[in-house]
Amino acid sequence: MTTSGQFERYAEWWGNPDLQWALAKLGVPERPYWHGEHGIVPTAKRIVALLRGAHRLASQTDGQRKSAVATGSPPASAPPAETRLATPAPNARHSTSIFAVEMLPADNGDCLWIEYGDPSRPRRILIDCGAVSAARTVASRIESLGAPSERVFELFVLTHIDADHINGVLPLFGNPNLNVRFEDIWFNGWHQVGRFLGIKQGEDFSKLLEDPARSLPWNRAVTSKGEKHPAPIALSSDKPPPMFELPGGLRLTLLSPSADQLKRLGREWRQVLLELEPGKAMLGRRRPPPPVTDFAKFDLEALARKSVTKDTSVANGSSIALLAEFDEHAILLTGDAHADMLVKSIEQLQRERGRPGQKLKLEALKLSHHGSANATTIPLLELLDCPRYLVSSNGNIFSHPDREAIARVILHGGHQPTLYFNYRSPLNELWDERVLRDRYGYKAEYPSEGKAGLLVRL
Ligand SMILES: [Zn+2]
């Protein structure tokens, strides 16, 4: 994984007097945990060292790779796997094949383990690794897969750089005993952002645009042989949403981010760093809403109608969102993408597929941004024909999911939708109230008592 340059830059920025000055101006004092033994800056430096180790591993020759794993995969020099099919071709799926997504416990973040194909030898992808504890869960799952030749993922996607998606990445990729291999890693780092910048900004970023480890399987699906840096995973304004087919027949269609959103990430990198600063995140901690005392008066319609404040988070806007399709089943994996971006891309995709104005048929939607109110809008839900809605969050820090988002799903998410939560929390357990389920005709699934994480079979 070639995130070493990225982390190296983080380490520099977090220790940068400019950033500390900006934070002080915002009333955020320098935190002792920035520079201590386990502080952010030293940890980031350790990340760099570990990822450089990973680079050596991933820089093996194709021959070495093939001998290490039984599953087929395109060699590093293969042309990009991107296809631009107007309509997905039917896939020969054995009647017993599986397609399942597991929301692993990732605190207030995302970590999605997805399997598809032959259940005795499923292929897998992993989306985000949102907590250190999630990395431990993933590691033990990987170990249980057996010999190193079985420890293969077709893809790892780091949707964006927020802590609740990236925190487990270091422990996962830094564990030398895991012997795991990812055939490709999708991640928009600063090199991918930088290619959109003008000359002036390019000068500012010139130091950041040097990547000593660019031969890794990074954004391989969009990068042609010989390109200096991995290409960005982003939509083009003049092209339909690109589709990528993974070995075994899983099709991924990109729905976010746009090139403009990546440009913005580049332009506003200082602001984004401030967004990502843990102290500021804690300052932004949101108070949970008061408990519901009278369910007879609990008005879902009013909640659903509440006006939507546009998500202005640049980091969320840069999030990769994917439509994953296997056989006739589809799931929308949104990361923390903005609702209006998803609406635009889905409308465009349906036009491309010759179904303008028709709803996109899904088996499941992973609610964007952990079910925040501004990420789940009525216009988005009304574009979908979907029975299952997945929420990944324990409710910490930002008190997700918001009641407005869940109210919209219940009222605008089709006939008798089912909610799936990967934790039972004081914030989400009200949706298990029988009086609400009976009145509105929806279902709610939670982990069993004392457990966290939820497997959803499609
Ligand atoms: Zn998030």
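Donors are N, O and S atoms within 2.8 Å of the metal, and water is not among the atoms, so sites may look incomplete. With that in mind, welcome to this predicted model, where a zinc ion is coordinated by two Asp and His residues each: Asp-164, His-165, Asp-336 and His-370. The tour below starts at the metal and moves on to rings and cores.

**Zinc site**
- Asp-164 and Asp-336 coordinate the zinc ion through OD, while His-165 and His-370 use NE2, at 2.1 Å.
- Along the chain, the donors of the zinc ion follow the spacing D-H-x170-D-x33-H.
- The angles among the 4 donor atoms run from 80 to 151°, and the site is irregular. Four donors count as tetrahedral if all angles lie between 85 and 135 degrees.
- Both Asp-164 and His-165 are buried.

**Aromatic rings**
- The whole structure holds 9 aromatic pairs.
- One of them joins Trp-186 and Phe-244 edge-to-face, with 5.0 Å centre to centre and 65° between the planes.
- Trp-186 belongs to strand β8 (residues 185-186) and Phe-244 to strand β9 (residues 243-245), so this pair ties together parts that are 58 residues apart in sequence.
- Trp-186 is buried at a relative accessible area of 1%, and Phe-244 is buried at 1% as well.
- Trp-113, Phe-153, Phe-156 and Phe-182 are linked by ring pairs into a cluster.
- Over the ring of Tyr-446 sits the charged end of Arg-424, 4.2 Å from the ring centre.

**Nonpolar cores**
- The largest nonpolar core has 39 residues, and Leu-362, Leu-365, Leu-419 and Trp-431 touch the most other members.
- A second, separate core has 34 residues, including Leu-112, Leu-246, Ile-320 and Leu-458.

Definitions and conventions. Residues are numbered from 1 along each chain as its sequence is written. This is a predicted model: local features need pLDDT of at least 70, side-chain atom pairs count only at pLDDT 80 or more; totals for chains, interfaces and linings use all residues. Side-chain values use heavy atoms; hydrogens and water are left out. A nonpolar core is a set of buried Ala, Val, Leu, Ile, Met, Phe, Trp, Tyr and Cys residues joined through side-chain atoms within 4.5 Å. Buried means under 20% relative accessible area, exposed over 50%, partly exposed in between (1.4 Å probe, protein chains only). Rings of Phe, Tyr and Trp (its six-membered ring) pair if their centres lie within 6.5 Å; planes under 30 degrees apart count as stacked, over 60 as edge-to-face and the rest as tilted. Helices (H or I, at least four residues) and strands (E, at least two) are DSSP runs, numbered from the N terminus. A charge sits over a ring if NZ of Lys or CZ of Arg is within 6 Å of the ring centre and within 35 degrees of the ring normal. Donors are N, O and S atoms within 2.8 Å of the metal (3.2 Å for Na, K and Ca); water is not among the atoms, so sites may look incomplete. Four donors count as tetrahedral if all angles lie between 85 and 135 degrees; four count as square planar and six as octahedral if opposite donors are over 155 degrees apart and all others between 65 and 115; anything else is irregular.
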